[in-house]
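Dear colleague,

I am passing on the structure we spoke about, and I would be glad if you could look it over before reading my notes. What I found in it follows below.

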Amino acid sequence: MKKVNIVLAFLFIFSISIGSKDIKNNTKAKLGKVTVTGHTARMDINNIDLALTNDGQTGNDSDSFYPNGSDLRFLFSGGVALSGYVDGDLRTAWMVPASRIHEMQPGNLGSDPDAPEYVFYTVNSSDSLGSENYNKWADAVAIGADFYDADGDGSYDPNIDTPDIIGDRTFWCVYNDSVPASIRDVFNTQALGLEVRQSIWAFQRSDALGDAIFIRYSVVNASENDIDDLIISGWTDPDLGGATDDLIGCDTTLNIGYAYNFQDDADYGTNPPAFGIGFIQGPIVDAPGDTAYNFRGPLLGVDTLLDMKNLHLTSLMYYEGGGNILPGPTNKGYARNYQLGGLDANNDPVVPQDWGIGGDSDSDVRYFFSGDPVTQTGWLDTNPADKRFLVNSGPFQLKAGERQDIVVAYIVTQGEDALDSVTKLKETSALVQSSFDNNFQVAPPMPAAEVTARNGDKKIELLIDFTENFNYQNKQDLLGKVDFEGLAIYQFNSPSTADEVNGIENAKIIGRFDLDNDIGDLFEDQENAERIKIWS
């Protein structure tokens, strides 16, 4: 057994990073549990700490944090929004809490939303056949969850079959839009008759996948009526630290809408993050000669659909609380315009020259602020404010009984400054899409090291057992094989793992180590040679 013994003098906060500095505190990563209180849960196994409720809300009124372990908030609220026509009648199903629109409730269509089975179901990559979470998944299957049918008998057996797990942790719940008319008092439409069987998953990693959380909306028409021209939207009210200094942008090549800061932020300091929602897999529509794909994860595989195609981001729209021409939606007409894109609340086409800078007659009004804020080219937002935005995809038809699987990704990145965070967001978005298109054939997370601390006279000794890490070899990933090769040890002056917090240095390297093999040295660290000793 190989061990590293490290003597730390006068260090009060320490963290260990294996392969990348951005990994969260390993103790928390290893010991963190899913917390379900009533109908809420937290996805917090990577760099993002995202609060959830089982009626389709995310963010939970500014209860979501980045980086994980800090008290820095990136999101006030989020949700899903749909609108479409039933026999020519426009109907909505919006879960937009910050605008006081709650048209979703837990459960299957027409059921009691307070029934005990309508909670979050959880499964981890570390769970096994016959485990508690596998057994509980039987209740999820009974209300619509998928599973891998290992023996092909059509029924779920927790001792034989596998839950529909993607990533290192998956949450599943179901909700619908059959809320009472007394609650549907903003748009005042009838329900569409939809069920949303929602899967949320994340990877316990410190690379690009560690900055992403995936949400699959399996939208089922549980009514007896066909729904025409349905549009689905990922809606969000981002607050990147301070709530009133956010700007909006979109990148049509990456199918992502995002919020960012142009300058420093009162909470995050000199390097506020960027937050985006990307359409990773859009709805499927008829398209003779084309091919659509439904990626269902490594267990369930990929559905290939000929003469069809996946829609991408079809519009990006934003509005402001208290705005005039683009106010919060107060009727179904506003709501539909914001999902179509390019139309204001008065049903007039957006004039790009009236919004921000760089917009002209050639700008596609369906995609607000589609320029590049890093290079300061194209149509750009110039009015920092408290903003909401929608990433939209549609229209598509959903016949009675049909299902569509739509996937979005919440991505949060932090660079050296506000605009570098945008650059990093776009790079991460591309890698996230590639991972999805590879059906998540990614390496499993590196095992956490076993750490034992011993207090001494004006020192702390850490005994670190890396036996399992030394066995982390030849793991298949998107870019090839992954091996454990080295580690870096950092001291942090706060719960955050950012290089700086409020302009003050936060991260300090106190040691680097590399396997002694023919690959060569990954690290050279003479500065700490006398402070740290290693033996095997």
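Is R91 buried or exposed? With a relative accessible area of 11%, R91 is buried, since buried here means under 20% relative accessible area. Please keep in mind throughout that this is a predicted model.

Salt bridges

R91 is also a partner in a salt bridge, which it forms with D89, and the closest N and O atoms of the two are 3.1 Å apart. Unlike R91, which is buried, D89 is partly exposed, because its relative accessible area is 25%. As a general point, side chains of opposite charge can pair when their charged atoms come close. The structure holds 19 salt bridges, and two others seemed to me worth describing to you in some detail.

One of them is formed by R403 with D146, where the closest N and O atoms are 2.8 Å apart. Because R403 lies in strand β24 (residues 403–413) while D146 lies in the loop between α2 (132–142) and β11, this pair ties together parts that are 257 residues apart in sequence. R403 counts as partly exposed at 32% relative accessibility, whereas D146 is buried, with a relative accessible area of 16%. Nor does this pair stand alone, for D146, R296, R403 and D405 are linked in a network of salt bridges.

In the other, the side chains of R388 and D237 meet at 3.6 Å, N to O. This pair, too, links distant parts of the chain, with R388 in strand β23 (residues 387–398) and D237 in strand β16, 151 residues apart. Both R388 and D237 are buried.

A charged patch on the surface

Which residues gather in a patch of negative charge on the surface? They are D87, D226, D228, D229 and E402. One of these, D226, lies in the loop between β15 (212–221) and β16 (227–238), and D226 counts as partly exposed because its relative accessibility is 36%. The strand that follows this loop, β16, is the one that holds D237, the salt-bridge partner of R388.

The hairpin of β3 and β4

Strand β3 (residues 40–43) and strand β4 (residues 50–53) run antiparallel and are joined by 4 bridges, and a hairpin of 6 residues leads from β3 to β4. If you wish to follow the pairing residue by residue, you could begin at R42, whose bridge partner in β4 is A51. T53 is also placed in strand β4, and with a relative accessible area of 12% T53 is buried. Although T53 and A41 are 12 residues apart in sequence, they are 6.4 Å apart in space, C-alpha to C-alpha.

A contact across the sequence

Lastly, you may want to look at Y148, which lies in strand β11 (residues 147–148). At 34% relative accessibility, Y148 counts as partly exposed. Y148 and G301 are 153 residues apart in sequence, yet in space they are 9.9 Å apart, C-alpha to C-alpha.

With kind regards

Technical notes
Residues numbered from 1 in each chain as written. Predicted model: local features only at pLDDT ≥ 70, side-chain atom pairs only at ≥ 80, totals over all residues. Heavy atoms only, no water. Pairing = 2+ DSSP bridges. Helix = DSSP H or I, 4+ residues; strand = E, 2+ residues; numbered from the N terminus. Patch = residues over 30% accessible without salt bridge, like charges linked within 9 Å, V, L, I, M, F, W, Y side chains within 5 Å. Areas by Shrake-Rupley, 256 points an atom, 1.4 Å probe, with all protein chains shown as cover. Salt bridge = Lys/Arg side-chain N within 4 Å of Asp/Glu carboxyl O. Lys, Arg positive; Asp, Glu negative; His and termini not counted. Charge placed at Lys NZ, Arg CZ, Asp CG, Glu CD. Buried < 20%, exposed > 50% of the residue type's maximum accessible area, 1.4 Å probe, protein only.
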